[in-house]
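Me: Can you take me through this one? I'd like the helix packing, then whatever else is there.

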Number of protein chains: 2
Amino acid sequence: MKGLDYFFFPKKVAVIGASEKANKIGNVIMKNMIKAGFKGKLIPVNPKTKKILGKKCVKTVKEINNLDLAVIAVPAKIVPKIIRECGQAKTKAVIIVSAGFNEVGNMTVTKELFKAMQEFPDMRVLGPNCLGILHVKKGIDTLFLPYERLGRTPHGRISFASQSGAVGSTLIDWASMKSYGINKFISFGNALDVNVTELLEYLNKDKETKVICLYIEGLEEGRKLLKTGKKVSKNTPIVVLKGGVTEAGKTAAVSHTGSIAGEARVVKAAFKQSHMVEAKSFEQLFNFARVLSNEPLTKGKKVQIITDGGGYAVLAADALIENGLELALMEKKNLNSLKKIVPVFAELKNVIDLTGDATTEMYKKATELALKDKNIDMILLIVLFPPPLLDKNIVYEIIKLHKKQIKPIIVVSASGNYTESQKKIMEKQFVPTFTFPKDAAESLKALYDYSLFRGKVKR
Amino acid sequence: MKGLDYFFFPKKVAVIGASEKANKIGNVIMKNMIKAGFKGKLIPVNPKTKKILGKKCVKTVKEINNLDLAVIAVPAKIVPKIIRECGQAKTKAVIIVSAGFNEVGNMTVTKELFKAMQEFPDMRVLGPNCLGILHVKKGIDTLFLPYERLGRTPHGRISFASQSGAVGSTLIDWASMKSYGINKFISFGNALDVNVTELLEYLNKDKETKVICLYIEGLEEGRKLLKTGKKVSKNTPIVVLKGGVTEAGKTAAVSHTGSIAGEARVVKAAFKQSHMVEAKSFEQLFNFARVLSNEPLTKGKKVQIITDGGGYAVLAADALIENGLELALMEKKNLNSLKKIVPVFAELKNVIDLTGDATTEMYKKATELALKDKNIDMILLIVLFPPPLLDKNIVYEIIKLHKKQIKPIIVVSASGNYTESQKKIMEKQFVPTFTFPKDAAESLKALYDYSLFRGKVKR
């Protein structure tokens with residue numbers, strides 16, 4: 001292991017400030033590491049206790065040899081001292097979850113912390129004022145929020161670095177509810193050492209990360225970030241959401257993580273130049289990331305809509321056009337094949353409307369034709385589940401067709417509890433699903449733009 | 001009763017085309033009326049069966065006296081004949097759920113239907129090609145989709161008329177998942193008799209309807225709709241989503257409900273002129289409707305953000321400013337009161353950040369101060385549930401404060417399953433909740449604009 005690996009693949013982890021009291025941060029982190037299924041050695045550090053959650057305590061981190069990762073959850077004022085102890089113990093990596101540093105204007109203790117860090121330049125530090133790491137596959141979970149209150153995401157292809165802990169963790173919770181998979185989540189807080197640029201470089205080399213999501217407020221090392229972003233984007237798509245784009249937002253951002261938010265328009269232009277994909281909302285962040293991580297790049301902008309509800313097709317057509325995409329017009333021979341299997345009422349122009357009589361078989365046939373059709377670049381399936389003839393196999397057929405990765409296939413399924421359960425089945429198999437046509441269209445546009453940048457668009 | 005009342009408050013309902021076969025539309029409607037708890041007389045009409053779902057069949061509608069409402073679920077070609085029978089029986093109102101008329105270019109049968117309707121001008125007809133009515137309070141449910149597949153909304157303050165059945169019903173399903181209340185839902189389909197303008201007039205006089213939502217594709221009687229919309233808006237806010245705004249969407253719309261979609265810009269301008277609130281997506285439709293139906297009108301554009309997560313406040317501040325609203329700055333005396341109860345780290349500028357140490361008590365005090373503060377017009381509470389000190393009472397305190405209806409109070413709570421459960425508690429008590437700051441800000445803007453039109457804005 002080297003560099004940032006110690007944060008994601010540690011074999012020995014200490015929790016400094018571990019506690020037996022149920023609501024204490026040092027207790028919650030211990031519990032969560034256990035719950036996450038961490039298979040390495042987990043050591044609580046607390047000078048006043050003998051055992052925590054059945055694990056033997058040590059009095060100080062200096063008693064631990066070959067420590068890969070220390071998680072520090074003690075009051076700000078003693079953090080510098082603890083950092084020195086970690087350094088003396090030759091700890092490889094440290095996460096400081098404690099708050100109360102430059103983000104609240106406490107510069108004295110921040111300087112002291114920084115000085116302590118400088119004394120041990122080989123020891124990497126994440127934070128302070130952060131939630132640290134969630135890496136489901138390796139059972140690393142330093143988020144100090146209990147599982148009852150904050151869901152954890154399944155293992156996936158998207159990695160996500162967030163400056164704000166609250167934003168990051170609530171998005172993890174939201175994504176978990178939707179069954180969106182996350183590979184590595186990093187809350188980097190005040191970034192006194194490990195910063196967003198280095199995380200980009202690291203995640204770009206990570207084979208499991210297909211897309212990087214970023215939430216940032218400040219742009220301290222803006223030029224470096226953009227330069228790195230441009231380089232990384234050639235290999236791994238980056239979707240970025242920037243908080244603090246208005247003056248008011250900036251004022252809030254300054255006090256929040258101690259950063260100065262950049263000028264909105266400049267930032268927007270800069271992201272575009274560096275080919276980072278800008279999201280305008282949390283939903284877009286994950287919408288774009290899901291499509292970019294799970295779909296092949298597209299060769300063009302022609303989208304075939306296949307639907308069982310006319311009204312949704314109207315809105316989808318509107319949204320595609322408004323996003324600069326086009327409706328595909330199927331080759332004549334394929335249209336003729338299609339006519340043999342769809343109902344009399346079905347519309348067979350630029351929207352294939354299978355109507356309320358749609359069956360799984362019709363969806364399958366229509367999609368297979370669209371996959372081989374030369375006039376079609378991307379496929380938007382609108383599947384409204386209420387039609388009585390549509391059986392439960394529809395989601396598994398879609399998953400099978402999607403797995404071929406011939407052309408992008410995404411799904412719009414509006415509506416309630418039953419549909420959500422069907423969408424989760426698809427999400428777990430990496431089929432991007434959407435509730436509303438507008439979100440689907442915006443995401444296909446993001447995929448088209450990125451495909452253009454990567455030189456994949458042929459027409 | 002008179003006019004459209006027979007659709008919403010019938011005492012005797014017949015289902016023509018009722019069936020014993022589980023998947024048949026005529027069976028589903030019978031089941032749903034029973035499940036919805038209809039307390040009047042429900043009569044299946046089928047010449048070949050004696051009993052359906054335990055209820056005695058009649059052979060023809062002509063055997064029924066004083067029929068308030070007939071629901072017709074038979075093939076298109078025999079609908080004209082059935083309509084004549086309904087007319088002969090002096091039926092007050094008819095819903096034709098059957099499809100296969102002008103929406104698929106079948107003009108012969110459409111003309112025949114129209115002719116039959118003309119013979120009985122006093123009998124009101126909804127449809128054809130529609131889902132009919134959902135009026136939870138009176139147990140009227142003609143939506144031919146089973147409860148397992150399509151959730152039903154709780155009783156509420158928003159009424160919703162939709163041209164498209166698929167759009168309407170999936171939105172009902174979605175709203176039910178979110179616990180958004182709906183008063184009367186009407187899918188009006190091809191609108192050969194009862195049309196959107198008449199529905200607007202009716203719902204405007206309905207005391208239980210606080211906001212009217214519309215989904216329309218065509219604008220056949222555009223000028224009349226806009227004129228009526230302008231009149232109704234002075235009393236009841238109308239939120240409208242128009243499908244088919246692009247050329248491609250229009251092509252899809254033409255075939256879908258047989259209507260010609262209007263020109264996008266013209267339509268937009270027209271809505272604005274008539275003070276109908278235009279929504280750009282399904283989510284906005286319900287977001288705007290929830291805020292307009294549950295909040296008092298605002299006296300100004302100054303919004304106080306109260307939060308326990310800095311990152312969300314940054315995004316909320318951005319979104320408010322981008323929507324032309326302003327951040328409030330609390331009166332000095334109130335700020336001083338506030339300082340006594342909030343933690344040291346808390347930011348007390350134009351955003352009240354209670355930080356991760358926030359308690360229910362702090363939220364309550366801060367909101368009470370904001371309610372009486374002269375510099376504050378609206379309150380945006382951001383409540384991220386993970387903070388450990390925030391107990392379960394927070395939602396009940398918010399409900400209590402909201403019930404006072406002194407100023408608009410809306411809530412942003414991002415994240416997953418636990419939070420959703422808390423948001424549902426608030427929704428059921430009419431507190432509008434949002435997952436993302438952007439949606440909340442857009443909704444407050446809609447409220448501000450409508451308040452301006454109603455002459456309530458004082459500065």
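**Helix packing and a buried tyrosine**

Reply: α10(A) and α16(A) are oblique to each other, because their angle falls in neither the roughly parallel (under 35 degrees), the roughly antiparallel (over 145) nor the roughly perpendicular (65 to 115) range. This is a predicted model, where local features need pLDDT of at least 70 and side-chain atom pairs 80 or more, while totals for chains, interfaces and linings use all residues. Residues are numbered from 1 along each chain as its sequence is written, and chains are lettered from A and ligands numbered from 1 in written order.

Me: What angle do α10 and α16 of chain A pack at, and how far apart are the axes?

Reply: About 55°, with the axes 9 Å apart, for residues 282-294 and 437-453 of chain A. Axes are fitted to C-alpha atoms over the stretch in contact, and angles run from 0 to 180 degrees between N-to-C directions. Helices are DSSP runs of H or I, at least four residues.

Me: Which residues of α10(A) and α16(A) make the contact?

Reply: Among them are F288(A) and V291(A) from α10(A), and L444(A) and L447(A) from α16(A). Contact puts C-beta atoms, placed from the backbone, within 7 Å.

Me: Switching to chain B: is Y363(B) buried or exposed?

Reply: Y363(B) is buried, because it has 23 C-beta neighbours inside 10 Å, and the cut-off for buried is 20 or more. Y363(B) is in helix α13 (residues 360-372) of chain B.

Me: What does Y363(B) touch, leaving out residues up to four places away in sequence?

Reply: I306(B), L354(B), A358(B), L381(B), I394(B) and E397(B). The C-alpha atoms of Y363(B) and D308(B) are separated by 9.0 Å, at 55 residues apart along the chain.

Notes. Helices (H or I, at least four residues) and strands (E, at least two) are DSSP runs, numbered from the N terminus. Two residues are in contact if their C-beta atoms, placed from the backbone, lie within 7 Å. A residue is buried if 20 or more other C-beta atoms lie within 10 Å of its own, exposed if 12 or fewer, and partly exposed in between; C-beta atoms are placed from the backbone.
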